[in-house]
Amino acid sequence: MHDIPVLIVGGGLAGLVCAHRLQQAGVACTVLEARDRPGGRILTVDRHGQPAASGFDLGPSWYWPAVQPGLHALVQALGLHAFPQHDRGATLVQHTPGAPPQRHPGLRSHPASWRLAGGMGALVAALVQRLPEGCLRLGHRVQGLVQQTDGVAVAFSDPQGRPAVLRAAQVVLALPPRLAAARLAFDPPLPAACVQRWRDTPTWMAPHAKWCAAYDTAFWRAQGLSGAAHSRVGPLVEIHDATTADGRAALFGFVGWSAAQRAAMGRDTLTAQAVAQLQALFGPAAGTPTATWLQDWALEPCTATEDDRHPGEHPAPQPGDWVVGDWAGRLLMAGSETSRETPGYLAGAVDAAEAAVATLGERLATGGWTDG
């Protein structure tokens, strides 16, 4: 007998979408999330830097409705409000230290980038609210999976560190393949070729860091600037307007230094240099942010492995099955990186989750597993 028909490992966007769709189909499931918050690589914080359903995005900020219909349909179905990324005004380019930035006519994004009112945390909150009580279990860290005659035994530790086991007919790994290969033990072992493929798949965002500064007003807009800037100086190499839908002004930038360089420099020094850079770009007002935040994804054990400390290519669509051998009938992958259309994006997480749920439905319809 199973404790649960479907167990989902990972409570990021993919895991939450998978759980949401299963609940809509009348299939019970449990989501085990190692972090003490849902959302995975979606992280929206308030002015104090605490995770929130409304605030500033330190993970992904954008999606593209024109080319990502699955994610756009989900946003609409959840009743969330979206708005276009502010890109009106000139773009600044910083070539050398000490030299004034060059001002270029605004470069509009095609297709247009959109954001969610409240930040991407609003998407996470909307999905969590639609799950039944007890479905999502935070602070539950999965260690291993053992295949049994009628399902899979999943070993994990609860928030107090106590070991426990849940038995499921089907398991969905809604996390990056590289992370699954590094953190989870499988009995019987996965085929070597399968493990190698997982390890060779770059994890979106894992090597990177994002820095954000809040201000009383979006003063750059009054200067005819979009808030966008590109720099060969650093530490921020790409900067954008991060002002929220309700007018809370902010700028964010991607840090150009490697994980090793960031570690050697330290958070305080990086922040001081980032503020000085914004002041050089946007003027004196940029030198007095009301708050700053740094999210270094390479330091997140639930996102990055040692292999992710070195910048790599963006995940590319890969043909073929992600799970082969003895595990093929019991285990499914649903992390964004496994999407066959948009791997490494929010839309990829939705696509991969929808594909996993469709496969589960096919297996149930053909008697490939039971909900007993």
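The following exchange concerns helix packing, pockets and a cavity in a predicted model.

Visitor: How is H1 oriented with respect to H9: parallel, perpendicular or oblique?
Guide: The axes of helix H1 (residues 13-24) and helix H9 (residues 346-365) come within 8 Å and cross at roughly 40°. Angles under 35 degrees count as roughly parallel and those from 65 to 115 as roughly perpendicular. The crossing angle therefore makes H1, with respect to H9, oblique.

Visitor: Does H1 pass H9 in a right-handed or a left-handed crossing, and which residues of H9 make the contact?
Guide: H1 passes H9 in a right-handed crossing. From H1, the contact draws on Leu13, Ala14, Val17, Cys18, Arg21 and Leu22. From H9, the residues are Leu346, Ala349, Val350, Ala353, Glu354, Val357 and Leu360.

Visitor: How do the residues of the contact of H1 with H9 divide by class?
Guide: Arg21 of H1 and Glu354 of H9 take part in this contact, and Asp, Glu, Lys and Arg count as charged. The full division is 11 nonpolar, no polar and two charged.

Visitor: How is H2 oriented with respect to H9: parallel, perpendicular or oblique?
Guide: Helix H2 (residues 69-77) packs on H9 with the axes 8 Å apart and an angle of about 85°. Angles of 65 to 115 degrees count as roughly perpendicular. The orientation of H2 to H9 is therefore roughly perpendicular.

Visitor: What is the make-up by class of the contact of H2 with H9?
Guide: In this contact, Gly70, Leu71 and Leu74 of H2 meet Leu346, Ala347 and Val350 of H9. Gly counts as polar, whereas Leu, Ala and Val count as nonpolar. The contact has no charged residues, one polar and five nonpolar.

Visitor: How is H1 oriented with respect to H3: parallel or perpendicular?
Guide: H1 and helix H3 (residues 121-129) have axes 9 Å apart, at an angle of about 30°. Angles under 35 degrees count as roughly parallel. H1 and H3 are therefore roughly parallel.

Visitor: Is the crossing of H1 with H3 left-handed or right-handed?
Guide: On the H1 side, Leu13, Leu16, Val17 and His20 make the contact, and on the H3 side Leu123, Val124, Leu127 and Val128 do so. By class, these residues are seven nonpolar, one polar and no charged. The crossing of H1 with H3 is left-handed.

Visitor: Which element gives the most to the lining of the largest pocket?
Guide: The largest pocket holds about 690 Å³ of space and is lined by 37 residues, with Trp204, Met205, His208, Phe254 and His314 nearest its centre. Strand S14 (209-215), strand S16 (236-241), strand S17 (249-255) and H9 each give two or more residues to this lining. With three residues, the element that gives the most is S17.

Visitor: Which element gives the most to the lining of the second largest pocket?
Guide: The second largest pocket holds about 480 Å³, and Gly10, Leu175, Pro176, Leu179 and Cys302 lie nearest its centre among 32 lining residues. Elements giving two or more residues are H1, strand S2 (29-33), strand S10 (141-148), helix H4 (177-183) and H9. The most, three residues, comes from S10.

Visitor: What is the volume of the largest cavity?
Guide: The structure holds one cavity of 30 Å³ or more. The lining of the largest cavity consists of Gly55, Phe56, Asp57, Ser61, Arg115, Ala242 and Phe252, divided into three nonpolar, two polar and two charged residues. The volume of the largest cavity is about 50 Å³.

How values were computed: Residues numbered from 1 in each chain as written. Predicted model: local features only at pLDDT ≥ 70, side-chain atom pairs only at ≥ 80, totals over all residues. Heavy atoms only, no water. Axes fitted to C-alpha atoms, helices over the stretch in contact; angles between N-to-C directions. Helix = DSSP H or I, 4+ residues; strand = E, 2+ residues; numbered from the N terminus. Parallel < 35°, antiparallel > 145°, perpendicular 65-115°, else oblique. Left-handed = near helix turned anticlockwise from the far one by under 90°. Contact = heavy atoms within 4.5 Å. 1 Å grid on protein atoms, 1.4 Å probe; cavity = no way out; pocket = protein on both sides within 12 Å on 5 of 7 lines; lining within 4 Å. Points joined across faces, edges and corners; volume = space filled by probe spheres on them.
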